[in-house]
Every structure is written in structure tokens, then in C-alpha cells.
Amino acid sequence: MKQIKILFIIFTGFFFYNCSSLTLKPAEFGWPIEAVLKIDNQGFVKEERHSVYFNTKELFLEEMQDSLSYAGKTLRLIRNNEGYYFMTSVDFKNVYIFSADKDSFVLEKKIQIDETGMPNPVFNQRSLFIELITNGKSYRLTSDGIQGGD
């Protein structure tokens, strides 16, 4: 009887070991530099290096309360090492952090940077954070918000 229990435990352990999900780590998803994407007449941006294509209308509606305010604008986009996407544009007051889901971006966090809007925001990839430079100030952004700030 003891042998049957031992065989059952070994078989069960082997079965669950083989059913565990495959994890490849460490993995880094960050982009070395930001993408500055021109928004087309329908509100879409396309970044061919990283195969990203999406509609910006809802983002501009959230930020500017006008879904057509994307006209003639560019969107600044960068991805951090965790795989989160950071987005902003000229005159935005906020940086938006999205995660990727099936066929969509899901807003994870909205970080207010400037109450009057950023005149020329720029993203840079750093090892532990995304650097945002605007109005001569530098901000360390993570998926949790401003590092060392509010």
C-alpha cells in the first residue's frame, strides 16, 4: 500500500510539473528610443518597427474633451522594460500608461505632469524608468507613477 501512495505522489508531482506554464525570464520589452508618430486623417497612428497600429481618438477625447483635436498632431510613444506603453502629445497635461490586451490598449494609469499642457514633451528610455523631459524639467516615470514624486 505504501508503494502505491509513493507512486501516486510521484505521478501527481510529475503531472503538475509538466502542466505548469512556460515562463521565459528575464525578459525586457523596452524600446531604446521613443516613437514620434504622425496621426492620420482618421485618427490612427502606425509604428512599423514595432508593428503597432491603433486609433487615438479616445485618447484625445479623454485629454482634450474633443475627439477631433488629433488633427495635425503627433503622438509620443515609448515602451518600458515591463511592457507598458507611455503616451503623450504636445499640449497634453498628462502621460497615459497603457498595457496591451487582446486587440486593444487598456489604461493603467494617468499621470498629471503640467496643468497648462506640455509644449514639447520628449521620452527617453532609462534602465529603471522612462524619462520625460518637458519645460526644462525631467520626470522619472514608472508604471506606478512618478518615481520619487506624487
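Q: Which strands do the buried residues of H2 pack against?
A: This is a predicted model, so take everything here as read off that prediction. The residues in question belong to helix H2, which spans 57-64. Their packing partners are strand S4 (74-79), strand S5 (85-88) and strand S6 (94-101).

Q: Within what arc do the buried residues of H2 fall, seen down its axis?
A: The buried residues of H2 are Leu59, Phe60 and Glu63. Looking down the axis, you find that they line one face of the helix, because they fall within an arc of 95 degrees. As a reminder, an α-helix has 3.6 residues a turn, so residues three or four places apart point the same way. For H2, the arc is 95 degrees.

Q: In what order do the five strands of the open sheet come?
A: The pairing in this open sheet is antiparallel. Strand S1 (35-38) and strand S7 (104-112) each pair on one side only, which makes them the edge strands. From one strand to the next, the twist averages 30 degrees. The order is S1-S4-S5-S6-S7.

Q: What angle does the direction of H2 make with that of S6?
A: H2 sits on the sheet and touches S4, S5, S6 and S7. Taking the direction of S6 as the reference, the angle is about 150 degrees.

Q: Which residue in S5 does Ile78 stand opposite?
A: S4 and S5 run antiparallel, with four bridges joining them. Ile78 belongs to this pairing, and opposite it in S5 stands Phe86.

Q: Which residue in S10 is the bridge partner of Leu132?
A: Strand S9 (residues 130-134) and strand S10 (residues 137-142) run antiparallel and are joined by five bridges. They form a hairpin with two residues between them, and Asn135 in that turn has a positive phi of about 50 degrees. Across the pairing from Leu132, the partner in S10 is Tyr139.

Q: Which residue in S11 is the bridge partner of Leu141?
A: After S10 comes another hairpin, again through two residues, leading to S11. S10 and strand S11 (residues 145-146) pair in the antiparallel sense over two bridges. In S11, Leu141 is matched with Ile146.

Q: Where is the place of Asp103, which loop?
A: Most residues other than glycine have a negative phi, and most peptide bonds are trans. Asp103 isn't a glycine, yet its phi is positive at about 60 degrees. With a relative accessible area of 77%, Asp103 is exposed. Its place is the loop between S6 and S7.

Q: What is the relative accessibility of Asp91?
A: Asp91 also has a positive phi, about 75 degrees, without being a glycine. You'll find it in the loop between S5 and S6. Asp91 counts as partly exposed because its relative accessibility is 39%.

Q: What is omega for the peptide bond that joins Lys25 and Pro26?
A: Pro26 lies in the loop between helix H1 (2-19) and S1. The bond joining Lys25 to Pro26 is cis, with an omega of about 5 degrees.

Q: What share of the 150 residues in the protein do buried residues make up?
A: The protein has two helices and 11 strands. It exposes about 10,100 Å², of which carbon and sulfur atoms supply 54%. For a residue to count as buried, its relative accessible area has to be under 20%. Out of the 150 residues, the buried share is 36%.

Definitions and conventions: Residues numbered from 1 in each chain as written. Predicted model: local features only at pLDDT ≥ 70, side-chain atom pairs only at ≥ 80, totals over all residues. Heavy atoms only, no water. Buried < 20%, exposed > 50% of the residue type's maximum accessible area, 1.4 Å probe, protein only. Arc of directions from axis to C-beta. Contact = heavy atoms within 4.5 Å. Pairing = 2+ DSSP bridges. Axes fitted to C-alpha atoms, helices over the stretch in contact; angles between N-to-C directions. Areas by Shrake-Rupley, 256 points an atom, 1.4 Å probe, with all protein chains shown as cover.
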